[in-house]
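Me: I'd like a close look at one part of this model, please. Could you take me through the largest pocket and then how its surroundings are put together?

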Amino acid sequence: EMVKAPPYPLPVWEAAQQKWEQAIQYLEAVPAETAAYDEAQAKLVSYQTNQSAIVQRIETEKKAADNYETGKRLSDEFAVLIQPISYPAQEDLPVLDQASAKLEMAVKAFQDIPSGTATSELAKESADSYGRNYQALQSVIQTLENCELEAAFDCGAYEDTWTILLSNSEEMYKVP
């Protein structure tokens, strides 16, 4: 009953697993010479299957939580990298490339979270939002790289993109 309508956070799954473990122990303790033994043995197989499914769900939730934390950590690292840059210039390209890699890894971590887990909805929203920021950052990097190669290219074209990206990083990534 505890886990009939997932998703649930990890502690709920762990509590359910403990309940299945207790139920299995009670069924295993039914003496063979009692009238309830055959019924207990039949339920034992079903209960062990259910417990196994719960254990797998716990592992999935743990992996999802780890991925979510990794994504958040990487997105925070991204924000720290870009925050000091008020207006990017070509000399900022190494930092922007590093920030881009962090953001790309964060998006991947969020995308790797299976649907139906406790963090899957937040992860999808984060992956979508951070993915848009990744694309915006790629646009800024591309513009800066083109400016370096072609003197005639409009190097101010990324100003609006950068302003939005910087604003998003302050709001979304909670950088002081």
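Reply: Here's a walk through the pocket, followed by the helices around it and a few spots further along the chain. Keep in mind that this is a predicted model.

Let's start with the pocket itself. The largest one has a volume of about 210 Å³. Its lining includes a run at the start of the chain, namely Glu1, Met2, Val3 and Lys4. Also in the lining are Trp13, Ala16, Lys19 and Trp20, and then Asn50, Ala53 and Ile54. Sorted by class, that lining comes to 7 nonpolar, 1 polar and 3 charged residues.

Which helices do those residues come from? Helix 1 (10-28) and helix 2 (37-82) each give the lining of the largest pocket at least two residues. Helix 1 has the largest share, with 4 residues.

So much for the lining; now for the two helices that contribute to it. The axes of helix 1 and helix 2 come within 9 Å and cross at roughly 160°. With that angle being over 145 degrees, helix 1 counts as roughly antiparallel to helix 2. By class, the contact of helix 1 with helix 2 has 13 nonpolar, 5 polar and 7 charged residues. As for handedness, helix 1 passes helix 2 in a left-handed crossing.

There's a detail worth a glance in the segment before helix 1, where proline 7 is found. A cis peptide bond joins proline 6 and proline 7, and its omega is about 15°.

Helix 2 has another partner to look at, too. Helix 2 packs with helix 3 (residues 93-111) at an angle of about 160°, their axes being 8 Å apart. Helix 2 and helix 3 are therefore roughly antiparallel to each other. The crossing in which helix 2 passes helix 3 is left-handed.

Zooming out for a moment, what does the whole fold consist of? The secondary structure of the protein comes to 5 helices and 0 strands, so to read it from the N terminus on, the elements run α-α-α-α-α. Of the 176 residues of the protein, 36% count as buried.

Two residues of helix 4 make a nice pair to finish on. Alanine 123 is found in helix 4, and aspartate 128 has its place in helix 4 (residues 120-149) as well. How do they sit with respect to the surface, buried or exposed or partly exposed? Alanine 123 has 1% relative accessibility and therefore counts as buried, the cut-off for that being under 20%. Aspartate 128, at 36% relative accessibility, counts as partly exposed, because that class lies between the buried limit of 20% and the exposed limit of 50%.

Each of these two residues also has a partner elsewhere in the sequence. For alanine 123 the partner is glycine 71: the two are 52 residues apart along the chain, with their C-alpha atoms separated by 8.6 Å. For aspartate 128 the partner is phenylalanine 110, which is 18 residues away along the chain, and here the C-alpha atoms are separated by 9.1 Å.

Key: Residues are numbered from 1 along each chain as its sequence is written. This is a predicted model: local features need pLDDT of at least 70, side-chain atom pairs count only at pLDDT 80 or more; totals for chains, interfaces and linings use all residues. Side-chain values use heavy atoms; hydrogens and water are left out. On a 1 Å grid over the protein atoms alone, a cavity is a set of points where a 1.4 Å probe fits but cannot get out, and a pocket is an open set with protein on both sides within 12 Å along at least five of seven lines; lining residues have an atom within 4 Å of a point. Grid points are joined across faces, edges and corners, and a volume is the space filled by probe spheres set on the points. Ala, Val, Leu, Ile, Met, Phe, Trp, Tyr, Cys and Pro count as nonpolar, Asp, Glu, Lys and Arg as charged, and the others, Gly among them, as polar. Axes are lines fitted to C-alpha atoms, for helices over the stretch in contact, and angles run from 0 to 180 degrees between N-to-C directions. Angles under 35 degrees count as roughly parallel, over 145 as roughly antiparallel, 65 to 115 as roughly perpendicular and the rest as oblique. A crossing is left-handed if the near helix is turned anticlockwise from the far one by less than a right angle, and right-handed if clockwise. Buried means under 20% relative accessible area, exposed over 50%, partly exposed in between (1.4 Å probe, protein chains only).
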